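Please look first at the sequence and the structure shown below. The questions that follow are meant for a reader who has not met this structure before.

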Amino acid sequence: MSGLGEEWGYVLKALTDVSEHYDRVNRWISFGMDVRLRRIAVAGRLTGSRWVLDAGCGTGMFARIALEENPFAEVVMLDPLPAMLRQASGALRGHFVQAVFEYLPFRPECFERVLLGFSLRDARDSEKATRELSTRLEHGGSLIICDISKPNDRLRAMLFRFYWLLVAPVLGFLASGRRGLTVSAIRKTYDKWPSNDVLAVQLGRFFASVEVHPKMMGGAVIMIASRKS
Ligand SMILES: C[S@@+](CC[C@H](N)C(=O)[O-])C[C@H]1O[C@@H](n2cnc3c(N)ncnc32)[C@H](O)[C@@H]1O
C-alpha cells in the first residue's frame with residue numbers, strides 16, 4: 001500500500017480550493033448517493049459506541065450522519081486542513097483536531113470506531129495511516145471505510161477511470177463553476193487506489209477480519225475492518 005506520496009500536496013490544495021463547495025460538488029458527482037452510502041456504512045454499526053474518530057473529516061458530513069445514528073457518541077473530527085475543520089466546527093458539536101492519519105495524537109486503543117469517508121484514499125502513506133489507525137482502536141473495534149472503488153475487473157475499473165477523468169469534472173463545473181473543476185484531482189487518487197481485493201488484503205495485515213460490500217455497480221465500496229475482540 002503506498003498512498004499519494006508526492007501528489008499529496010496537490011490533492012490537499014485542490015481540497016482547500018473546493019472546501020466551501022465540497023458538499024454540493026459531492027452531491028452532484030455521486031448523483032446524490034454520497035450521503036446514502038455513508039448512512040448505509042454506519043447503520044447498526046455504532047450502537048453502544050462512545051468514542052468515534054472521523055478521520056479525514058472534511059466538512060464533517062460523516063460525523064453528522066454518525067451522530068444521527070448514535071446521538072450519544074463523542075465524535076472526534078480530525079483533518080489536516082484548517083479550511084475543512086472551520087466548516088466542520090461551524091456545523092457540528094464535537095472535538096476537532098488538526099492532524100494527519102500517519103501521526104495520530106491519541107493514546108493507543110482509545111476509539112471504538114474509526115470512520116474513513118472518502119479519505120483513506122487521500123493519505124500520503126496509506127500503509128502507515130492504516131497501522132496508526134488500527135492501534136488507536138480498542139479490541140473488537142472497527143474501521144468503517146466508505147469510498148469510491150476500483151473494481152477488481154479491469155474493464156469496469158477503466159470505465160470508472162473514464163468517469164473520474166472526464167465526466168466528474170464536467171459535473172463538478174456544473175455544480176460550482178471553476179471551483180468544481182478541482183474534482184479532476186480525484187482521478188489522481190483513483191489511479192493510486194488499489195482494487196478492492198488488494199485493499200482488503202492490505203487491511204488484513206492489520207485487522208482480524210475485513211468485510212467488503214461493493215455498491216453503485218462497483219463504483220463505491222464499504223469496507224469494515226475489525227480488530228480481534
Ligand atoms: C475527500 S475528503 C472527505 C471528507 C469527509 N470524510 C467526507 O466524508 O466527505 C478527504 C479529507 O481527508 C483529508 N486528508 C487528506 N490527507 C489526510 C491525512 N494524511 N490525514 C488525515 N486526513 C487527511 C483531507 O483534508 C480531506 O478533508
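**Questions on salt bridges, sheet and helices**

Q: Which residue forms a salt bridge with E132, the closest N and O atoms being 3.4 Å apart?
A: A salt bridge is a side-chain nitrogen of Lys or Arg within 4 Å of a carboxyl oxygen of Asp or Glu. E132 has a relative accessible area of 19% and is therefore buried; buried means under 20%, exposed over 50% and partly exposed in between, with a 1.4 Å probe and protein chains only. The partner is buried as well, with a relative accessible area of 10%. The residue that forms this salt bridge with E132 is R136.

Q: Which residues are joined into one network by salt bridges that share partners?
A: The whole structure contains 14 salt bridges. Shared partners make one network of R27, D34 and R38.

Q: What kind of model is this?
A: Residues are numbered from 1 along each chain as its sequence is written, and side-chain values use heavy atoms, with hydrogens and water left out. Local features need pLDDT of at least 70 and side-chain atom pairs count only at pLDDT 80 or more, while totals for chains, interfaces and linings use all residues, since this is a predicted model.

Q: Which residue forms a salt bridge with R50?
A: R50 is partly exposed, as its relative accessible area is 43%. The closest N and O atoms of the pair are 3.8 Å apart, and the partner of R50 is E74. The pair links distant parts of the chain, 24 residues apart: R50 belongs to the loop between α3 and β1 (51-55), and the strand β2 holds E74.

Q: How many residues apart in sequence are the parts tied together by R227 and E109?
A: The side chains of R227 and E109 form a salt bridge with an N to O distance of 3.6 Å. R227 lies in the segment after β7 and E109 in the loop between β3 and β4, so the separation in sequence is 118 residues.

Q: What is the order of the strands in the open sheet?
A: Helices (H or I, at least four residues) and strands (E, at least two) are DSSP runs, numbered from the N terminus, and two strands pair if DSSP finds at least two bridges between them. Seven strands form this sheet with mixed pairing, in the order β3-β2-β1-β4-β5-β7-β6.

Q: Which strands stand at the edges of this sheet?
A: A strand with a single partner has one side without a neighbour in the sheet, and this is why the edge strands are β3 and β6.

Q: Which handedness does the unit of β2, helix α5 and β3 have?
A: β2 (residues 74-79) and β3 (residues 95-98) run parallel and are joined by four bridges; D79 stands opposite Q98 in β3. A crossover is right-handed if, with the strands pointing away from the viewer, the path from the first strand over the helix to the second runs clockwise. With helix α5 (residues 82-91), the two strands make a β-α-β unit that is right-handed.

Q: What arc do the buried residues of α3 cover around the axis?
A: In helix α3 (residues 33-42), the buried residues are D34, V35, L37, R38, A41 and V42. They lie on the same side of α3 because their arc, taken from the directions from the helix axis to the C-beta atoms, is only 160°.

Q: Which elements do the buried residues of α3 pack against?
A: Contact means heavy atoms within 4.5 Å. The packing partners of these residues are α2 (22-29), α4 (61-69), β4 (111-117), β5 (137-148), β6 (209-215) and β7 (220-226).

Q: Is F118 buried or exposed?
A: F118 lies in the loop between β4 and α6 (126-135). Leaving aside residues up to four places away in sequence, F118 touches Y22, D34, R38, C146, D147 and I148. Its relative accessibility is 11%, so F118 counts as buried.

Q: What is the phi of F118?
A: Most residues other than glycine have a negative phi, and most peptide bonds are trans. E109, not a glycine, has a positive phi of about 55°. F118 is also a residue other than glycine with a positive phi, and its value is near 55°.
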